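Hi,

Here is the structure I promised to pass on to you. Have a look at it first, and then read on for what turned up when I went through the charged side chains.

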Amino acid sequence: GDLPSTGDAPSLNIPCLQALVRGLNAGSRDDLAGPARELNGTLYLLGPQDLCAPWFYAQIDPVRHELQYVNAGHESPLLIRKSGAVHRLERTGPALGLSARGIHRQENTAIEPGDVLAIFSEAVSDRTVLDVVLDHPHAGAAELTRRVLEESGRSTGDRTFAAVRVVGACRRPL
């Protein structure tokens, strides 16, 4: 997620947000929309009046080969298939903290070994992400991250990028 870097919002720091998310998600691992709604309400009540926090939250079920996610107003991540097909993980609700009653839904999609999930800020271009991932089909997540940030180094703004490359399947739940 992205928190504003000015005003009162820095008091809502990332470690605090991470702890809150872990606590909210402890009850049900199959319902990501519930924690999004709870976090939205908490940020609305405790955050500054003009807080708007884009947030993408996902988990991979390696047994069912499924990616579950909630996209609360975040730049649409890309799911880049091993085949080269690209799927945008569109918004499933508004950014967090905008209103007391956020409506967020969970989406599920298949994910297979070789697929890459790319999550990034708007200062990183889709084209850069696609070029790097498709030009380096066997690169790990750390190498993809390094290359994308190097390639987008000329852009302005806060550059944030994270990659997850699915490398195998599990025979039983983790």
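Let me start with Arg64, which is partly exposed at a relative accessible area of 46%. Arg64 pairs with Asp61 in a salt bridge, with 3.0 Å between the closest N and O atoms. Asp61 has a relative accessibility of 18%, so this residue counts as buried. The pair also belongs to a network of salt bridges that links Asp61, Arg64 and Glu66.

Please keep in mind while you browse that this is a predicted model.

Some overall figures may help you find your way. The protein has 174 residues, and 43% of them count as buried. Its secondary structure consists of 4 helices and 7 strands, in the order α-α-β-β-β-β-β-β-α-α-β from the N terminus. If you take the contacts between residues at least 6 apart in sequence, 62% of them join residues at least 24 apart. The accessible surface is about 9700 Å², and carbon and sulfur atoms account for 51% of that.

Back to the charges. The count of salt bridges comes to 8, and two more of them deserve a look.

In one of these, Asp126 meets Arg88, with the closest N and O atoms 2.2 Å apart. Asp126 sits in helix α3 (residues 126–135) and Arg88 in strand β4 (residues 86–88), so this salt bridge ties together parts that are 38 residues apart in sequence. Arg88 is partly exposed, its relative accessible area being 41%, whereas Asp126 is among the buried residues of α3, together with Thr128, Val129, Leu130, Val132 and Val133. What covers these buried residues? The cover includes β3 (78–80), β4, β6 (116–120), α4 and β7 (161–165).

The other one stays inside a single helix. Arg146 and Glu150 form a salt bridge with an N to O distance of 3.1 Å. Both residues belong to helix α4 (residues 141–151) and are 4 residues apart, about one turn of the helix. Arg146 is partly exposed at 41% relative accessible area, and Glu150 is partly exposed as well, at 48%.

Two further arginines may interest you. Arg165, in strand β7, is buried yet has no salt bridge. How far away is the nearest side chain of opposite charge? That side chain is Asp115, at 7.7 Å. A salt bridge requires the nitrogen and the carboxyl oxygen to be within 4 Å, so a separation of 7.7 Å does not qualify. Arg165 does have a polar partner in the backbone, though: a polar atom of its side chain lies 2.5 Å from the backbone oxygen of Ala139. Beyond its neighbours within four places in sequence, Arg165 is in contact with Gly114, Asp115, Val116, His136, Pro137, His138, Ala139, Ala141 and Leu144.

Asp115 turns up again with Arg81, which is found in the loop between β3 and β4. With a relative accessible area of 17%, Arg81 is buried. The side chains of Arg81 and Asp115 make a polar contact at 3.0 Å. Setting aside residues up to four places away in sequence, Arg81 touches His87, Thr109, Ala110, Ile111 and Asp115.

So Asp115 is a good place to begin your own tour: Asp115 is in contact with Arg165 and makes a polar contact with Arg81.

Happy browsing, and best wishes

Definitions and conventions:
Residues are numbered from 1 along each chain as its sequence is written. This is a predicted model: local features need pLDDT of at least 70, side-chain atom pairs count only at pLDDT 80 or more; totals for chains, interfaces and linings use all residues. Side-chain values use heavy atoms; hydrogens and water are left out. Helices (H or I, at least four residues) and strands (E, at least two) are DSSP runs, numbered from the N terminus. Buried means under 20% relative accessible area, exposed over 50%, partly exposed in between (1.4 Å probe, protein chains only). Contact means heavy atoms within 4.5 Å. Accessible areas come from the Shrake-Rupley method with a 1.4 Å probe; for residues, only the protein chains shown count as cover. Lys and Arg count as positive and Asp and Glu as negative; His and the chain ends are not counted. A polar contact is a pair of N or O atoms within 3.5 Å; within protein, one must be able to donate a hydrogen and the other to accept it, and residues adjacent in sequence count only if both atoms are side-chain atoms.
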